[in-house]
Amino acid sequence: MVSQYPVYVRLVFIWLGLAVVPSWLLLTGQQVFPWIDLSGWLASLLYALTSTGTAPYAILTVVVFWAFSFKFMNKLHWQKMVLATLFGLTISFVLNHGLKSYFEEPRPNFTWLSQQANSPINLSTFYQQEDKQRSANVELALQQYRSESDPQQLNTNPPLNVSNSLQHHWVHEVGFAFPSGHTIFAITLTLIASYYLLLSGATSLNIMVFLWGLSMGTSRMLLGMHWPQDVFASTCLAAIISVLSVVVIEKVWGRFKLTKYAK
């Protein structure tokens, strides 16, 4: 068991670690897409990672984490963590959908495709279409630029290799960019879990969760799904959601305990 004061300090450093990549990219004005070969092993690893935050697999991610962490945590802290993550992830889901509709920011990959020669994607009309039509236009653009000898090679400027699975992901992920739902999901889970893992002294598991959360936002930028500002803002929103969730669950738990003893 660990006292709460050092836990709060560690949580601040954990959040700073989660925010360092997008904040550095924002400060330097850099965009990481398209930096890497999106048909290689690294892209496959990043796509597998990002899939852990994609519905319905995100639900499985949470359940597996709950089951795995049960062995390493104080059972009272584990119960509170489960309730806090349920509360926080529900808020993050609702907030993500509301903000996307409000800001209507185009994704980096579609912006890039729209800038190619004779592109069938026009951003001024693209997001006015239904999702089905957007997907059809993305598929049309990919077909237009695919090499006849290698369907993973796009004859664009600059040329880019994109795996079949990632092209499929592009075709089906046609919503707005801001904020990053994957990042809010991962960082909210990471921060809430970190609080209770640190209280339980489960440092090794906490490090694993931290690395997963850090990698999620980075993968979304490298795969062309989000801008650095999306990931940074989502990391900030997730921190607010996480604090709120822990405070609410702790207060509710305390009142329930007092009521129980009063009876």
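**Exercise 1.** Which helices each supply at least two residues of the lining of the second largest pocket?

*Solution.* Before starting, note that this is a predicted model, where local features need pLDDT of at least 70, side-chain atom pairs count only at pLDDT 80 or more, and totals for chains, interfaces and linings use all residues. Residues are numbered from 1 along each chain as its sequence is written, and side-chain values use heavy atoms, with hydrogens and water left out.

Step 1: get the terms straight. On a 1 Å grid over the protein atoms alone, a pocket is an open set of points with protein on both sides within 12 Å along at least five of seven lines, and lining residues have an atom within 4 Å of a point. Helices are DSSP runs (H or I, at least four residues), numbered from the N terminus.

Step 2: look at the lining, which includes Tyr8, Trp15, Leu191, Tyr195, Ala239 and Val247.

Step 3: sort by helix, and you get α1, α9 and α11. The top contributor is α11, with five residues.

**Exercise 2.** Which element gives the largest share of the lining of the largest pocket?

*Solution.* Step 1: find the pocket, with its volume of about 1000 Å³ (the space filled by probe spheres set on grid points joined across faces, edges and corners). Of its 37 lining residues, Gly53, Thr54, Ala55, Ala58 and Phe93 are the closest to the centre.

Step 2: list the elements giving two or more residues: α2, α3, α4, α7, α8 and α9.

Step 3: pick the winner, α4, with ten residues.

Notes:
On a 1 Å grid over the protein atoms alone, a cavity is a set of points where a 1.4 Å probe fits but cannot get out, and a pocket is an open set with protein on both sides within 12 Å along at least five of seven lines; lining residues have an atom within 4 Å of a point.
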